[in-house]
Amino acid sequence: MSSSLQLGLMVGPAIALPVPESVIDALVSVEATQGDNGPGVFTLKFTMSNSSVLPTLFLLAGGSPFPIVRVVLTATVNGSVAVLADGVVTQAQVLPGNDAGHSILQVTGEDLGKLMDKLDLTGLPFPAMPAEAAVALVLAKYAMLGVVPLIIPSILLDVPIPTAKIPAQQGTDLKYITALAKKVGYVFYLSPGPVPGVCTAYWGPRIKVGVPQPALNLDMDAHSNATSITFTYKPQKATLPIVFIQNEQTHIPIPIPIPPITPLNPPLGLVNLPPSNTTPLKETAKYTPAQAIMVGIATAANSADTVEGEGSLDVLRYGRILAARQLVGVRGAGLAFDGLYYVSEVRHSVKRGEFTQKFKLSRNGLISTVPVVAA
């Protein structure tokens, strides 16, 4: 690898440990994806002699009903360490190599949410506690794996009275936590890091504010750091959610339209056409007013991003690793598309001497709301 790029790999049952240098030398390529939709996934390819014991280890893990081999992948760029993936092996394959004495071991896996989606614990009671407490209690059993919960309390503090109702888990831990998040307009995901062996379990609103990452530069000669970015404007994507709040006296549902702009979803674009369609959220009639509004806000925020971008960059030229679920600036794309964007997905691709990233961007309008972005 280049002197400014160093790849680290840790493998082990439950607790991952650094692998020998010979295993790193055998690593041919790495791909890891993090984003808003779906779990984090990774793929590792090794070139191995046919007598190596490493393929046996991964193959046994890939065939186990409960994956036990954990993989932690890190990258150090210019002295800054980032965790690219932290998960468990779900599949291992041996592919033909370039010669008869060697083969290619391909290992694929998912983040630690895979372990949370194994056991169906339907019926497990959580009496007299709000959703935040139930989430913390569910995640506590994964503390030994380095899972650190980051729980943002919702504006709704709903503590059921045990004599009236005792909430119970439905499905696996992952499905239950995700359902609790959706009920209050939140998201749940596992983010690798901030240090190797630690994974952050985030339960809270999707946040599109914060300090932006250094700008992606297009067509700026020596200052260009993005290989390409293709932008698409989809004004028809925007919809106006309508939540229903039921009047307790008349039991008549009252429709309430929800605007897409909130403190956690500020306008990143100046120009955006009004929504041309409406989305009735009829299931919100059974929620409390606060729950219904939270679900409406989340739905509005998800449909408001009418500007999308896809591109790629060379990490060594960019000088750092572009992180998902954060803001980033764009320069050199023209008046309509310059400005700040939310990074909805990042796919890392590492080969010997090469580190590239493919990314997806989104925002809710054309023309930047800020005069400049961080270089």
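What is the volume of the second largest pocket? About 860 Å³, and we will come back to its walls after a short walk through the strands around it. This is a predicted model, in which local features need pLDDT of at least 70, side-chain atom pairs count only at pLDDT 80 or more, and totals for chains, interfaces and linings use all residues. Residues are numbered from 1 along each chain as its sequence is written, and side-chain values use heavy atoms, with hydrogens and water left out.

Let us start with strand β5, residues 69-77. Helices (H or I, at least four residues) and strands (E, at least two) are DSSP runs, numbered from the N terminus. Because 9 of the 9 residues of β5 are buried, the strand is largely enclosed by the rest of the structure. Here buried means under 20% relative accessible area, exposed means over 50%, and partly exposed lies in between, with a 1.4 Å probe and protein chains only. In a regular strand the side chains alternate between the two faces of the sheet. In β5 both faces are covered: Val69, Val71, Leu73, Ala75 and Val77 sit on one side, and Arg70, Val72, Thr74 and Thr76 on the other.

Which strands pair with β5? Two strands pair if DSSP finds at least two bridges between them. Strand β1 (residues 5-13) pairs with β5 in the antiparallel sense over 9 bridges, with Val11 opposite Val71. β6 also pairs with β5 in the antiparallel sense, over 8 bridges, and there Leu73 faces Ala85. The hairpin of β5 and β6 has 2 residues between the strands, and in it Asn78 takes a positive phi near 55°.

Strand β4 (residues 41-49) offers another pattern: Phe42, Leu44, Phe46 and Met48 form a covered face, while Val41, Thr43, Lys45, Thr47 and Ser49 form an uncovered one. β4 pairs with strand β3 (residues 27-35) in the antiparallel sense over 6 bridges, and Ala32 stands opposite Phe42. In their hairpin, with 5 residues between the strands, Gly38 has a positive phi near 85°. β4 pairs with strand β7 (residues 102-111) as well, antiparallel over 9 bridges; in that pairing Lys45 has Gln106 as its bridge partner.

Now for the open spaces. On a 1 Å grid over the protein atoms alone, a cavity is a set of points where a 1.4 Å probe fits but cannot get out, and a pocket is an open set with protein on both sides within 12 Å along at least five of seven lines; lining residues have an atom within 4 Å of a point. Grid points are joined across faces, edges and corners, and a volume is the space filled by probe spheres set on the points. The largest pocket holds about 1300 Å³. It is lined by 47 residues, of which Asp36, Asn37, Val187, Arg206 and Asn302 are closest to its centre. The largest share of this lining, 7 residues, comes from α6. By class, the lining has 19 nonpolar, 13 polar and 15 charged residues, where Ala, Val, Leu, Ile, Met, Phe, Trp, Tyr, Cys and Pro count as nonpolar, Asp, Glu, Lys and Arg as charged, and the others, Gly among them, as polar.

Back at the second largest pocket, with its volume of about 860 Å³, there are 36 lining residues, and Ser191, Pro192, Ala323, Ala324 and Gln326 are the closest to its centre. β6, β9, β10 and β19 each give two or more residues to this lining, and β6 gives the most, with 5. Its classes come to 22 nonpolar, 10 polar and 4 charged residues.

Pro192 lies in strand β9 and counts as buried because its relative accessibility is 16%. Leaving aside neighbours within four places in sequence, Pro192 is in contact (heavy atoms within 4.5 Å) with residues including Gln34, Val83, Ala85 and Cys199. Its C-alpha atom is separated by 8.1 Å from that of Asp111, 81 residues apart along the chain.

Asp111 also takes us to the closed spaces, which number 2 cavities of 30 Å³ or more. The largest cavity has about 90 Å³ and 13 lining residues, with Thr33, Gln34, Gly40, Val41 and Asp111 nearest its centre. β3, β4, β6 and β9 each give two or more residues to that lining.
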